[in-house]
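User: I am new to reading protein models. Can you walk me through some features, one at a time?
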2 protein chains.
Amino acid sequence: MRKTFFAIAAAVMIMTGCSQKPAQEHDCANKGAAAIENIMNRKSVRSFTGEAISEEDMTTMLKAAMAAPSGMNIQPWSFVVLTDASKFDDIFQGNFNVGTFKSAGTVVVMCADTTTQSRGSEERVPNSMWRDDLGASTENFLLAAEALGLGAVWTAGYPFMERIEHVKEALGLPAEVLPYCMIAVGHPDGENQPKDKFKADRIHYGKW
Amino acid sequence: MRKTFFAIAAAVMIMTGCSQKPAQEHDCANKGAAAIENIMNRKSVRSFTGEAISEEDMTTMLKAAMAAPSGMNIQPWSFVVLTDASKFDDIFQGNFNVGTFKSAGTVVVMCADTTTQSRGSEERVPNSMWRDDLGASTENFLLAAEALGLGAVWTAGYPFMERIEHVKEALGLPAEVLPYCMIAVGHPDGENQPKDKFKADRIHYGKW
């Protein structure tokens, strides 16, 4: 009987293509392909249902933003999360995106410390790489939103000072901190398709 | 006997956690989680085996780079792919990263057109958002490298003119195009761990 059991067990496992792989391998046979698909599927979403996003999802997106590369590992980023849409008209006065912000219900102001600690002193000195770090951090946030099934759009802040001077004041940012950009994020309303922006003629080999 | 077979078959399928899920569900039970894991796992890799990367992988990384968001959809990016390490000493003279470049065997110079077409005229006018687009595009490239099991590191170009003036000349870039950064990419040598950069105190709600 024992022999019969193992014979049939083996047969069943072959028939069902079932293996003894650990669970996490079953979770995702090709995680890399899924990550690349997510990059290709990210799109700007400007229309939302108005449903609030969960605290867990917000934390995941902010963790992704803080996982970005940073020149000299300065990590110049900070984040102001805004969920009271009744204040958006004041905070973002004069910004043509305020309707999008209200539709999303949540805006994350990606902030940049434009200075860094001078080595061996208390003095703060300019950091010439903060804008690059914030660009990468913003993209990580947007990709995490896509991965969570949320919709988001990057709206420009810096260098459009007329758009961010009042934001800086309204949010009480320190003197050395700038609002780099504003991300509207929420639950997408309807279908949004990514643009196909691949252009082979942008690729050069060895020389321009 | 038949009864025994099905009884044992059912037992085995339960014991082994085996299901009849369609193949695509087995491929990736949670693509979103895989995409977020890839963002969290990306790290700077500076040590490589020297093995060349495939044309297919390079195309995937460049497609990811071109899938980045772009202000006004200007898409200011272009890419110079360099695989002849014997030329790196000349092209990158004075750059302390040249050893890393030679170890990787491949360098992608992420280039930025600093101008854009003026509406309704042939004139080129400055684009004030190229640096933000290139930051996002560079991050997409690095995330695609991670997803492909490759290693890469972002090395600064702009605004360090002393590092990029000769690169611009050596690669024959047009006057309005700048080398934004240099990505060394190849097969990682040894284990590389991502930094945990999460800082809860960087997150503000409603106000700074």
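Analyst: Gladly. Keep in mind that this is a predicted model. Let us begin with a pair of helices. Helix α3 (residues 31-41) of chain B and helix α7 (residues 130-147) of chain B have axes that come within 9 Å. The two axes cross at roughly 105 degrees.

User: How do I put that crossing of α3(B) and α7(B) into a word: roughly parallel or roughly perpendicular?

Analyst: Angles from 65 to 115 degrees count as roughly perpendicular. So α3(B) is roughly perpendicular to α7(B).

User: Which residues of α3(B) and α7(B) meet?

Analyst: From α3(B) come Asn38(B), Ile39(B) and Asn41(B). From α7(B) come Leu143(B), Glu146(B) and Ala147(B). Now sort the residues of this contact by class: three are nonpolar, two polar and one charged.

User: Let me try a pair across chains. At what angle do α3(A) and α3(B) pack?

Analyst: Helix α3 (residues 31-41) of chain A and α3(B) pack at about 85 degrees. Their axes are 8 Å apart. These two helices are therefore roughly perpendicular to each other. On the chain A side, the contact is made by Lys31(A), Ala34(A), Ala35(A), Glu37(A) and Asn38(A). On the chain B side, Lys31(B), Ala34(B), Ala35(B), Glu37(B) and Asn38(B) take part. By class, the contact of α3(A) with α3(B) has four nonpolar, two polar and four charged residues.

User: How do I get an overview of one chain? How many helices and strands does chain A have?

Analyst: Count the elements, then look at burial and contacts. Chain A has eight helices and seven strands. Of its 208 residues, 53% count as buried. Next, take contacts in chain A between residues at least 6 apart in sequence. Of these, 72% join residues at least 24 apart.

User: Now cysteines. How many disulfides are there over all chains?

Analyst: A disulfide is a covalent bond between the sulfur atoms of two cysteines. Here the count is zero over all chains.

User: Why is Cys181(A) not in a bond?

Analyst: Check the distance to the closest cysteine sulfur. For Cys181(A), that sulfur is in Cys111(A), 9.1 Å away, which is too far for a bond. The cut-off is 2.5 Å. Cys181(A) is also buried, at 0% relative accessibility.

User: And in chain B, how far is the sulfur of Cys111(B) from the closest cysteine sulfur?

Analyst: The distance is 9.1 Å, to the sulfur of Cys181(B), and that is too far for a bond. Cys111(B) is buried, with a relative accessible area of 0%.

User: What should I look for in the backbone?

Analyst: Look for exceptions. Most residues other than glycine have a negative phi, and most peptide bonds are trans.

User: Where does a cis bond occur in chain A?

Analyst: The peptide bond from Tyr158(A) to Pro159(A) is cis, with omega near 5 degrees. Pro159(A) sits in the loop between β5 (151-156) and α8 (161-171) of chain A. In chain B, a cis peptide bond joins Tyr158(B) and Pro159(B), with omega about 5 degrees. Pro159(B) is in the loop between β5 (151-156) and α8 (161-170) of chain B.

User: Which sign does phi of Met72(B) have, positive or negative?

Analyst: Positive: phi of Met72(B) is near 60 degrees, and this residue is not a glycine. Asn73(B), also not a glycine, has a positive phi of about 50 degrees. Met72(B) lies in the loop between α4 and β1 of chain B. Asn73(B) lies in the loop between α4 and β1 too. Met72(B) is exposed, at 60% relative accessible area. Asn73(B) is partly exposed, at 33%.

User: Is Ser70(B) buried or exposed?

Analyst: Under 20% counts as buried. Ser70(B) has 15% relative accessibility, so it is buried. Ser70(B) lies in the loop between α4 (55-66) and β1 (77-82) of chain B.

User: What does Ser70(B) contact beyond its neighbours in sequence?

Analyst: Leave aside residues within four places in sequence. Ser70(B) is then in contact with Lys197(A), Gln75(B), Pro76(B), Trp77(B) and Asp133(B). For a closer look, take the polar atoms. A polar atom of the Ser70(B) side chain lies 3.1 Å from the backbone nitrogen of Ile74(B).

User: One last residue. What does Thr60(B) touch?

Analyst: Thr60(B) lies in helix α4 of chain B. Not counting residues up to four places away in sequence, Thr60(B) touches Ile36(A) and Leu148(B).

Conventions:
Residues are numbered from 1 along each chain as its sequence is written. Chains are lettered from A and ligands numbered from 1 in the order in which they are written. This is a predicted model: local features need pLDDT of at least 70, side-chain atom pairs count only at pLDDT 80 or more; totals for chains, interfaces and linings use all residues. Side-chain values use heavy atoms; hydrogens and water are left out. Helices (H or I, at least four residues) and strands (E, at least two) are DSSP runs, numbered from the N terminus. Buried means under 20% relative accessible area, exposed over 50%, partly exposed in between (1.4 Å probe, protein chains only). A polar contact is a pair of N or O atoms within 3.5 Å; within protein, one must be able to donate a hydrogen and the other to accept it, and residues adjacent in sequence count only if both atoms are side-chain atoms. Contact means heavy atoms within 4.5 Å. Axes are lines fitted to C-alpha atoms, for helices over the stretch in contact, and angles run from 0 to 180 degrees between N-to-C directions. Angles under 35 degrees count as roughly parallel, over 145 as roughly antiparallel, 65 to 115 as roughly perpendicular and the rest as oblique. Ala, Val, Leu, Ile, Met, Phe, Trp, Tyr, Cys and Pro count as nonpolar, Asp, Glu, Lys and Arg as charged, and the others, Gly among them, as polar.
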